[in-house]
Amino acid sequence: MAEPVHVLAVARLSPLLMPQLEAAFKLHVLPDLTPEALAQVAPLVRGIAGSGESKVPGALLAQFPALELVSIMGVGYDGVDVAAAKAKQVMVTHTPNVLNDDVADLALGLMLSAARQLPAADRFVRAGLWLQGNMPLARKMSGARVGIVGMGRIGQAIAQRALAFNMQVSYTARSEKPDLPFAFLSTVEALAEASDFLVVITPGGAGTRKLIDARVLKALGPKGFLVNVARGSVVDEQALIEALENGTIAGAGLDVFEDEPRVPERLLALHKVVLTPHIGSATAATRQAMADLAFNNLASHFAGRPVLTPVPECQT
Ligand code: 8YV
């Protein structure tokens, strides 16, 4: 029988992925390993599995001399030091496309929830307050202006849905996409100024850190809503809290946070914010597709075939 391939899961991963890894590989789970056990398996590890939130810094990669592949179950891979991986000729893969619909659906859900105050309306009914009168009027979403920060696959899926709400769509991105029928603005501040809803769906990482800062929020204005379905790191959370507390912006819908799963008390106290626990891709069908793709990247590679979905930096 062939030697088993040793794979390290950097965290306890999805129950849709772990059994597949256990069946095909000799699986080690980083949080379960003592430093001694890790030192023992380190020379054998040829694959790493992680989620979109996993941290795989260069210092971790350096511990595995036989490493060939890092497979991320997530479209975002900002926790992986891809430059360090490439320098070691280690391939990095992720799970694009299969989650586009779900993340875009949630973005629209958060826009509607924030504008129409759906969680507050639910609490209002349950608390029996309807018996005493009606809720304050909310904000209309159809026909409003949406600005999308990041016009990749998910950004385009959000735009498509916004069109069904007769919204005017504009965007900012690293470069203009002339084939798209939407207005391109070269700065996020100009986009915020031209938007009623600013939706963030750009990759995390050093290049977008605190891209949404106090100036951008001021440009969005007292009638504007911020929605973030990307990474918490893209928004300056302190600036956002202040903007919400001061009425600099009208409200927000947030699926991601700077220090997940910890959410600042001041955000929890704000009723004009709708909060969800990083559930952009969290439907049974989509998580299954992501787990299968993350597994198949590892399985293909260790069967001597090309990986299915390398990250852009690793595409030849
Ligand atoms: C998940 C995500 O939270 O795809 C991403 O980048 O943030 C997510 O869909 C997670 O990585 C699932 O494993």
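**Exercise 1. How many nonpolar, polar and charged residues does the shell around the ligand have?**

Before you start: this is a predicted model, where local features need pLDDT of at least 70, side-chain atom pairs count only at pLDDT 80 or more, and totals for chains, interfaces and linings use all residues. Numbering runs from 1 along each chain as its sequence is written, and side-chain values use heavy atoms, leaving out hydrogens and water.

Step 1: pick the shell, meaning residues with a heavy atom within 4 Å of the ligand. There are 13 residues around the ligand, and Gly52, Glu53, Arg231, His278 and Ser281 come nearest.

Step 2: sort them. Ala, Val, Leu, Ile, Met, Phe, Trp, Tyr, Cys and Pro go down as nonpolar, Asp, Glu, Lys and Arg as charged, and the others, Gly among them, as polar. You end up with 4 nonpolar, 6 polar and 3 charged residues.

**Exercise 2. Track down polar contacts of the ligand.**

Step 1: look for pairs of N or O atoms within 3.5 Å; within protein, one must be able to donate a hydrogen and the other to accept it, and residues adjacent in sequence count only if both atoms are side-chain atoms.

Step 2: go for the side chain of serine 281, where an N or O atom sits 2.5 Å from a ligand oxygen.

Step 3: try the backbone. Methionine 73 has a backbone N or O atom 2.8 Å from a ligand oxygen, and a polar backbone atom of glycine 76 is also 2.8 Å from an oxygen of the ligand.

Step 4: check the cover. The ligand alone exposes 330 Å², and the protein buries 91% of that (Shrake-Rupley areas, 1.4 Å probe; for residues, only the protein chains shown count as cover).

**Exercise 3. Find what aspartate 32 pairs with, and say which parts get tied together.**

Step 1: count salt bridges (a Lys or Arg side-chain nitrogen within 4 Å of an Asp or Glu carboxyl oxygen). The structure holds 11.

Step 2: zoom in on aspartate 32. Its partner is arginine 12, with the closest N and O atoms 2.5 Å apart.

Step 3: place both residues, using DSSP runs (helices H or I, at least four residues; strands E, at least two; numbered from the N terminus). Aspartate 32 is in the loop between strand S2 (26-29) and helix H2 (35-41), and arginine 12 in the loop between strand S1 (6-9) and helix H1 (18-24), so the pair ties together parts 20 residues apart in sequence.

**Exercise 4. Locate the cis peptide bond before proline 261.**

Step 1: check omega. From glutamate 260 to proline 261 it is near 0°, so to speak the cis signature.

Step 2: place proline 261, which falls in the loop between strand S11 (251-254) and helix H11 (265-268).
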